[in-house]
Amino acid sequence: MIASAFRMKLAARVTRIGESATMKVTRRAAELRARGVDIISFGAGEPDFPSPAVAVEAAREALARGFTKYTAALGLEDLRQALLDRYRREWGAPWSALGQAAITVGAKAALFELALAAFDDGDEVIIPSPCWVSFPDQVRLCGARPVFVTTDPGDGFQIRADGILDAVTGATRAIILNSPCNPTGGMIDRADLRRIVEAASARGILVVSDETYERFVYDGPAFTSCAAFAAAHPETVVVVGSFSKTYAMTGWRVGYALGPPAILGGLAAIQSHATSNPTSFAMTGALAALAGAEADVRAMIDEFRVRRDLTVAALEAIPGVTCRPPSGAFYAFPRVAARYRAGEGSVEFAERLLEEARVAVVPGAAFGADAHVRISFACSREDLREGLGRIAAFLAQG
Ligand SMILES: Cc1ncc(COP(=O)(O)O)c(C=O)c1O
């Protein structure tokens, strides 16, 4: 809760949420670095690769030709059309009208605008947990209540239909899925996804599928987009995606949502008052990435697979630490509770790692799993080896 830090009176809704823990760790690591402390950061969730050259060149060219003014609230028509075409081609999605695709200021804005458009006071929103930090707080900001369904580390944190469907009540408004999952790397298989969509459709519940990490899949179930079930259940499925991770374009702030016209219309109304539109030339860069950066994406994923294996092997070698290989995304989510000192939780453990071992990790408590910490392996192999070596040496001291 952050209200007590301010003397000025804040709106009640702000008191329901906290600062993103990921940002907090990143900020503290940056502070120490600025003081000259040599920190290895496994905190931030962004690829260390450069954005694709085709995207940079297209954005540069757009700027040079003066493409620097407002666009339509839902963003560039060419980009919306390209996404509609892609989801129809790859997943048989039924969306064809431009009003069924919105370009947003990152996937984060798409998710928040969808929440504002769809969730009311008293609604329940089911979220598999551990989960990305912003899902529950976005739900709370809208006056709705997150209902967590725990995934099991012993099951590779796979998202299963049974637990989710057991949590449905008369107040359930939506289910938010995130496969591959941040922070666990867990996924959902096609049969479970189908069961969830069918049950949701029968009860008028919305399924919001955050597919930000769709391309980062190493093993486990093959990735299935929720779009595969949209033709059979057109009012139920909304897909959210991002250029941030797939194309190493986090700072460009380009994401999107595709779905039924009514809900996309609500999102459009909110976006028109909130951001007007995503940045014009950033969308031009995103369009170029979508069309011409496949080789960059593949090279990055191949490298991340190597880093995943390196990370998991190093963590598993530390006594008291267990880490199953994540199926997707680019985070290891080891269980470290056996190494906590008396009275310690993941926050204090992460603080100790940062201050004493000079390695930044994100405490699992931020994601609803206090026995774990999150380690991003989207950084160089050298940093991974050095940082994991520091953690091992630190824990070897007791
Ligand atoms: C699961 C998940 N969804 C959405 C986002 C937001 O991505 P974007 O940069 O597109 O806003 C993130 C970023 O970390 C994420 O992990």
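**Exercise 1. Describe the second largest pocket of this predicted model: its volume, lining and chemistry.**

Step 1. Start with volume. The second largest pocket holds about 520 Å³ of space. The model is predicted.

Step 2. Find the elements. Helix H1 (21–34) and helix H4 (106–118) are the ones that give two or more residues to this lining.

Step 3. List the lining. It has 25 residues. Nearest the pocket centre lie Met23, Gly45, Lys108, Trp132 and Lys245.

Step 4. Sort by class. The lining has 12 polar, 7 nonpolar and 6 charged residues.

**Exercise 2. Place Ser242: which strand holds it, and is it buried or exposed?**

Step 1. Locate the residue. Ser242 belongs to strand S7, residues 237–242.

Step 2. Check the accessible area. Its relative value is 6%. The cut-off for buried is under 20%. Ser242 is therefore buried.

Step 3. Look for polar partners. A polar atom of the Ser242 side chain lies 2.9 Å from the backbone nitrogen of Ser244.

Step 4. Set aside neighbours within four places in sequence. Ser242 then contacts Ala107, Thr212, Val254, Gly255 and Tyr256.

**Exercise 3. Assess the overall fold: what is the radius of gyration of the protein, and what would a compact globule have?**

Step 1. Count the elements. There are 12 helices and 12 strands.

Step 2. Compare the radii. A compact globule of 398 residues would have a radius of gyration near 21 Å. The protein has 21 Å, so the two agree.

Step 3. Add the extents. The C-alpha trace spans about 60 × 55 × 50 Å along its principal axes.

Step 4. Check burial and contacts. Buried residues make up 55% of the 398. Of contacts between residues at least 6 apart in sequence, 73% join residues at least 24 apart.

Methods: Residues are numbered from 1 along each chain as its sequence is written. This is a predicted model: local features need pLDDT of at least 70, side-chain atom pairs count only at pLDDT 80 or more; totals for chains, interfaces and linings use all residues. Side-chain values use heavy atoms; hydrogens and water are left out. On a 1 Å grid over the protein atoms alone, a cavity is a set of points where a 1.4 Å probe fits but cannot get out, and a pocket is an open set with protein on both sides within 12 Å along at least five of seven lines; lining residues have an atom within 4 Å of a point. Grid points are joined across faces, edges and corners, and a volume is the space filled by probe spheres set on the points. Helices (H or I, at least four residues) and strands (E, at least two) are DSSP runs, numbered from the N terminus. Ala, Val, Leu, Ile, Met, Phe, Trp, Tyr, Cys and Pro count as nonpolar, Asp, Glu, Lys and Arg as charged, and the others, Gly among them, as polar. Buried means under 20% relative accessible area, exposed over 50%, partly exposed in between (1.4 Å probe, protein chains only). A polar contact is a pair of N or O atoms within 3.5 Å; within protein, one must be able to donate a hydrogen and the other to accept it, and residues adjacent in sequence count only if both atoms are side-chain atoms. Contact means heavy atoms within 4.5 Å. The radius of gyration is taken over C-alpha atoms; the globule rule is 2.2 Å times the number of residues to the power 0.38.
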